[in-house]
Amino acid sequence: MMIKMSLPLPPKIFLPPSNSPPTHHHQAPPPLAPPRAAISIAIPETGLGRTGTLHEESTSSAFRDYQSLFMSQRTETVEPVVIKPIDGSIPVDFPSGTYYLAGPGLFEDDHGSTVHPLDGHGYLRAFHIDGSKRKATFTAKYVKTEAKQEEHDPVTDTWRFTHRGPFSVLKGGKRFGNTKVMKNVANTSVLKWAGRLLCLWEGGEPYEIESGSLDTVGRFNVAINGCDDDSDRDVAGHDIWDTAAGLLKPILQGVFKMPPKRFLSHYKIDDRRNRLLTVTCNAEDMLLPRSNFTFCEYDSEFKLIQTREFKIDDHMMIHDWAVTDTHYILFANRVKLNPIALTLNPSNESSPIYLLPRFSEKSMGGRDWRVPVEVSSQLWLIHSGNAYETREDNGDLKIQIQASACSYRWFDFQKMFGYDWQSSKLDPSVMNLNRGDDKLLPHLVKVSMTLDAIGNCKSCDAEPLNGWNKPSDFPVINSSWSGEKNKYMYCASSSGTRRELPHFPFDMVVKFDLDSNTVRTWSTGARRFVGEPMFVPKSSSEGEEDDGYIIVVEYAVSVERCFLVILDAKKIGESDAVVTRLAVPRNLTFPMGFHAKIFSVQTGVDWEKENSRWNTKNTVLSNEVQTQLVNAHNATNTTD
């Protein structure tokens, strides 16, 4: 093991920000010294050793650090604010574009109620980076959902929660009588497709956002019916549960104002076909022992070109999913309905995985997609990083899925992040189990299966990715390798160096070399945490899979600031991995986000190299896509 680190800063007491009134006048932040105690480690083989020295700390200090990650931020920017580097500079080959981060911004109102982080109003953050000019700006605004407009008084700038949301309890603890359960807060993920910027939530329609100002346009109706091609309905005939669904629909849609379809917040991009893939499920499925899924595929103009529907006799709660060249893949996160709420159903020791035909059942080799593949481990899938399939000479189909998953014994909807409406504080112990139980927390796994030529399962195994046994989440790859065999994967993880917060929040970015089975890490300094990392290819990329940058938000509770950090992906594991660190003004310090996406506009592209790379990957570009690339090439100073 190779460890390079500087001396740590002396202990420092963190005081939460004061409740001073918000201001809309922003100034450039004062110069800040770069953080010390940053660690960059190369770990051979499995990398099971401790990554750094254990930091001694008091329970109260750790508790306050944890709460500060979920401090409400009520201030919005009026116009973009220039952010400057305190360490390094923006590289000239960083592609110009915008890094969007979705997540909650508000957790408590002015009348004593607190909400679960999953129910916090969506606060969209945007970092616009001009690589050629080496400049960056920051913008942040709330998504003006219907719930936000009802709960916020713009005249007095005060809030009163009226929607309790799926995971929260408002002041007084009334679970019943309040029918405003489905509180669409548009806080989970962000998508830009066909020139439209959308904020997504797990249980309703996306909201469209103006990409420059971040002003809310309104609800965006994503078409799930009406494509030109014949849609496929892989469903069985009418049964008793269809009758029950018919009785539930007017109640759920009329009384509880639930949309007919739940539009899941995770989507996939098929780069080879230049398609957007989404999935919805029926609102009534939450109350019935079966699940309906509608997969839609859209072209580059957001035109619906394919729909496939599947009815599965399993009660499932899906957050993320995977896709290969010929399959949609669902891990059956099983749930059951008790008198109060949905709970997990850990009745089976194995985990079913449904392989659904993306185009035709002929691709299944005669296999009945209604019969899942069983993996012996009991996995609750959280996020999918990549999935791909290969056909062997003997006709066998090999499928590999790389994802984060946790145990049914740990996952709890209502207690996620340690939410407790009675204390109005978050309990860090929920996310930081004792030694021995930490294996129940989210980890990165590799699921490998082999089907024979007619679809029979020959094997299906799950194992830790590269033997990495530390709690981890948010797996990501270079998107150009999505759906193909990838060599590298990145994620957020925990170094385990904080005695009181050993597992969460994450404080480390991990790079996996899947070919050599090695792990390299970059860690923040003491009392600093990270969110979801994203990979950004260099504008001058030679086509190597890790030829680019990792961009990630660093939450420095030690100085009450947020930083946008750019790492050289090739140098993770070395002392000079940090390329630059950009400081967000202190009065705009924001709470921890959920999912991020960067949408870049590359200029000055070497077309001979680009064409060679695409041809090597057997990618055929449509005339429409070629026109888009040429337009981007001609607009040499265009930004997102």
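The legends below accompany close-up views of a predicted model of a protein chain.

**View 1. The whole chain, built from 5 helices and 40 strands.** Of the 640 residues in this predicted protein chain, 56% count as buried. Among the contacts with a separation of 6 or more, 68% are made by residues that lie 24 or more positions apart. The accessible surface of the protein chain comes to about 26600 Å², and carbon and sulfur atoms account for 51% of that surface.

**View 2. An open sheet of 4 strands, in the order β21-β22-β25-β26.** The pairing in this sheet is antiparallel. Because β21 (322-323) and β26 (373-375) stand at the edges and each has a single partner strand, one side of each is left without a neighbour in the sheet. Strand β21 is joined to β22 (residues 327-331) by 2 bridges, and these two strands run antiparallel. To follow the pairing residue by residue, one can start from V323, whose bridge partner in β22 is Y328.

**View 3. The largest nonpolar core, with 95 residues.** The members that touch the most other members of this core are F94, Y99, F127, W380, I551 and F590. Strand β37 (residues 548-556) gives the most to the core, contributing 7 residues.

**View 4. The surroundings of F94, a member of the largest nonpolar core.** When residues up to four places away in sequence are not counted, F94 touches I129, G131, V536, S539, Y549, I551, I566 and I598. A second core, separate from the one that holds F94, has 26 residues, including V190, F263, C296 and L304.

Key. Residues are numbered from 1 along each chain as its sequence is written. This is a predicted model: local features need pLDDT of at least 70, side-chain atom pairs count only at pLDDT 80 or more; totals for chains, interfaces and linings use all residues. Side-chain values use heavy atoms; hydrogens and water are left out. Buried means under 20% relative accessible area, exposed over 50%, partly exposed in between (1.4 Å probe, protein chains only). Contact means heavy atoms within 4.5 Å. Accessible areas come from the Shrake-Rupley method with a 1.4 Å probe; for residues, only the protein chains shown count as cover. Two strands pair if DSSP finds at least two bridges between them. A nonpolar core is a set of buried Ala, Val, Leu, Ile, Met, Phe, Trp, Tyr and Cys residues joined through side-chain atoms within 4.5 Å.
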